[in-house]
Structures are given as structure tokens and as C-alpha cells.
Amino acid sequence: RCENLVEVYFQLQQQVMAASTELGPELLPRLLERFNEVLSSLVKSSFLVEKQPPQVLKTQTKFQASVRFLLGPRLLKAAPKPYVVRADMVTEKQARELELSNYSNTLSESTGEILHNTVALETNPTSGNCCANFKNVLLKKIKRCERKGSESVTEEKCAVLFSTNITLTPSNMSIHLQVLSLPIVVIVHGNQDNNAKATVLWDNAFSDIDRVPFVVAERVPWDKMCDTLNLKFMAEVQTTKGLLKEHYFFLAQKIFNDHSASPEDFQSRHVSWAQFNKEILPGRGFTFWQWFDGVLDLTKRCLKSYWSDRLIMGFISKQYVCKLLSMQPDGTFLLRFSDSEIGGVTIAYVTRGKDGSSQVENIQPFSAKDLSIRSLGDRIRDLGQLRNLYPNIPKDQAFGSHYNKEQTGKD
């Protein structure tokens, strides 16, 4: 489409030049100036990021990115040598200033030091695409900004600015091309990764398409949050089995710290960024997101097949587990994600005394490390007190396909 528009532009320009005598000395320059403005705008809009840099970017770590100039094959054919694209880090404030100037201003100072940050803009003879591929880029260091109030470094957003200057022939028009990457959170240590991912997720999910960089709402409707958590869960775990209504109810009780509201009550509520990943959950040492991300990691690494087979109830409170199991036969069990530990899955089961009284027990949560030593299926097989998966599925029938064949003679 861009190339078609350019062809239309050049045809119109030729028609104007052919009619130059009739247009007169006053109208012709104005028309040609307007043509140049249109061409410049079209050319600038055809310069875009094809492969985004990682949105959580660790210093001293190599990364890749690429930009593409859609009109390059048409406009740069006669260029004597390839133009060079440069990559620079910009702060949120700098990104905002560039946006307000409609990307007519140039960057005064890079906010970080990037190695191998210049690449030739070349047309691939096979694909015909005009791209600059950054294959070996490294962010050496970052210059932090002044933060607002209680804002942490993992809430600070920046971006990579890709820029180049080209000259169009035969008009000899010089155009400055620049385009911003998606927002990036820069970290210097792996323990910042979790909180950085929260900032990126919130920004990607809840920002408007047309916005001042990188403004995003502080509060969002709970149903939008449910959609986001569900999409994130399925994408990370790589499963087609998403979250269910009862899961959302449990998550709402957790994030709002409200166990008296009905599922319908939560639908009209808004959840804040602070509730998502700043406020520590009552009686815990972590935020809602830190807990949820731990569940994601555990499920992705060790429980994908169990979750996809719907063998894990997962998002359910200990109190509701007691209600479900207390009326069930001895040895009925279910699996839920730990409330007290990040990245743990626990087995709750019911035992019955001789007098018929019931007691619900919770086995100490298994972490990803535990499950890498012995799988969840084999641990369930090992535990003789577990008989039927809730509501009434014999455990060998439910988990048999997940058992590993034991070595002969192994105790």
C-alpha cells in the first residue's frame, strides 16, 4: 500500500510540473512544498520496528531487534551506499518530547550506553525487504531518572529509539527517520525480573493505542484484569485450558482481600496497580503478582500436562477446600496452589475417624525443585492415603498416564 501511495504521489507531482505554466509562479511553489510535506510524512510513517527488543532488558546481556523501511526498496535503489540506523536508549520524558514534536526533533542525549548500536539499512535480495538487523546489541549501562514518590526502578519505563537520515533522489530531500520500540524496563539483576514483568504486563494490557508515552491507567476494571491474567496464563503455560469462573472468584478474593463479596459484586470493581504489585498481601511477604507469577512458573515448568488434563483445581482457598472435602469419602483429594508459598502446589485430602468424623489435611507444598526430583504423578502414586481425585475419580485412572515406569527392584 505504501508503494502504491508513493507511485500516486510521483504521478501527481509530474502532472503538477507539466501544468506549471498554467499554475503560475505563486501557486506552484506552494503546491510543491505541500507535496514535499506529504512525501515526508508518508516516508516517516513507513519506518517501523519489525522485531521488538525484549521488554525486560538486563544490562550486560545481548539482545536482538530489527527495523524495516517499507519504502526502502522503492526509494533507496539509487543510494550510493547503505544508510546506517542507530539505536539509542531514551527515557520516558525523552519519548514524550519526541512524541509531542511529532518525531521532528532529534535526540540530544542517550540515556544508556549501547554497544554495537549501528547497523546498515539494506535490502534483502531474497525477500525484497529493506531492514536493519541488530543481532549483537548489548546495553552496557543505564542512567536512571528521578523517580516519583514510592516508584521503584522496576516501574521506570524507557525505550529504544531507532534513527537514520536518508536523502531522496532526484529531489535531494533530506529526511530524518526515527521510531520508538515498545516500553522497556531495564534491570541489573535477575531478582528484579518478576517486578519488571509486572510493569510490562500492566502497560501492554491497559495502555491506549494513542497515548502520551508511556502513560497508563492506575486503575482498571476487574473483568479486564481477568482477561489479562487468563491470556497471560495460557500464553506462558502454552495450554488451551484457561482460567474458569471459580478461579476468577478466588483471585478476586485474594487481590481485594474480601471474602464476603459475591462473584457478581467483584464484576463492578476496579483493581489498582498498587493492589496488583505494590501492596503486600495480608499475612504474606509478597504481592499478588509475585504470587501469581510463581504459579505461572511452576505450572509452565512442572504441571502443564496436569493442568491441561484438568487434574489441578489450583486457584481455590483452603477454607473452600475443607467445605468440598469434608463430606467426601476417606482418601478423597484435590490439588491447589499454595497460598503461603510462592510457586508451590499442595495436596489436600480428607481422612475419617472410626466415629465418622472428618479432617482435611494439607501436605506441605511441592516446589518446582521438588517436582524435578520426583514428578507430581509419582508422588501421588506413592501416597497411600490418597484414593480418589475429587469428586470421585480413582487416582490411578486420573493420574495413571502421568506415572513414570519404575526401575525393577527399586524400593
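What share of the 411 residues in the protein chain do buried residues make up? Buried residues, meaning those under 20% relative accessible area (exposed being over 50% and partly exposed in between, with a 1.4 Å probe and protein chains only), make up 46% of the 411 residues in the protein chain. The structure is a predicted model, in which local features need pLDDT of at least 70 and side-chain atom pairs count only at pLDDT 80 or more, while totals for chains, interfaces and linings use all residues. Residues are numbered from 1 along each chain as its sequence is written, and side-chain values use heavy atoms, with hydrogens and water left out.

The protein chain holds 14 helices and 17 strands, where helices (H or I, at least four residues) and strands (E, at least two) are DSSP runs numbered from the N terminus. Contact is taken to mean heavy atoms within 4.5 Å. Among contacts between residues at least 6 apart in sequence, 62% join residues at least 24 apart. A separation along the chain can also be set beside a distance in space for Asp297 and Ile342, which are 45 residues apart along the chain and have C-alpha atoms separated by 9.7 Å. Asp297 belongs to helix H10 and, at 30% relative accessibility, counts as partly exposed.

Helix H4 illustrates how burial can be distributed around an axis. In H4, which spans residues 92–100, the buried residues are Glu92, Gln94, Ala95 and Leu98. These residues lie on the same side of H4, because they cover an arc of only 160° around the axis, the arc being that of the directions from the helix axis to the C-beta atoms. An α-helix has 3.6 residues a turn, so residues three or four places apart point the same way. The buried residues of H4 are covered by elements that include strand E4 (83–91), strand E8 (158–168) and strand E9 (173–180), whereas the exposed residues Lys93 and Leu100 are carried on the face turned away from the buried side.

Helix H5, formed by residues 193–206, contains Thr199, which is buried with a relative accessible area of 6%. When neighbours within four places in sequence are left aside, Thr199 is in contact with Thr154, Glu155, Lys157, Val185 and Trp273. H5 also meets helix H6 (residues 222–237), and the axes of the two come within 11 Å and cross at roughly 120°; axes here are lines fitted to C-alpha atoms, for helices over the stretch in contact, and angles run from 0 to 180 degrees between N-to-C directions. This crossing makes H5 oblique to H6, since angles under 35 degrees count as roughly parallel, over 145 as roughly antiparallel, 65 to 115 as roughly perpendicular and the rest as oblique. The contact is made by Leu201, Trp202, Ala205 and Phe206 of H5 together with Lys224, Met225, Thr228 and Lys232 of H6. By class, this contact has five nonpolar, one polar and two charged residues, where Ala, Val, Leu, Ile, Met, Phe, Trp, Tyr, Cys and Pro count as nonpolar, Asp, Glu, Lys and Arg as charged, and the others, Gly among them, as polar.

A second helix pair is formed by H7 (245–256) and H10 (residues 288–308), whose axes come within 12 Å and cross at roughly 155°. H7 and H10 are therefore roughly antiparallel to each other. In this pair, His247, Phe250, Leu251, Lys254 and Ile255 of H7 meet Phe288, Trp291, Phe292 and Trp307 of H10, and the contact has seven nonpolar, one polar and one charged residues.

Several loops hold backbone features that deserve separate mention. Most residues other than glycine have a negative phi, and most peptide bonds are trans. His116, in the loop between strand E5 (112–115) and strand E6 (118–123), has a positive phi near 55° and counts as exposed at 51% relative accessibility. Gln238, in the loop between H6 and H7, likewise has a positive phi, of about 60°, and counts as exposed at 59% relative accessibility. The peptide bond from Pro213 to Phe214 is cis, with omega near -20°, and Phe214 is placed in the loop between H5 and strand E11 (219–221). A cis peptide bond also runs from Tyr390 to Pro391, with omega near 5°, and Pro391 is found in the loop between strand E16 (388–389) and strand E17 (393–394).
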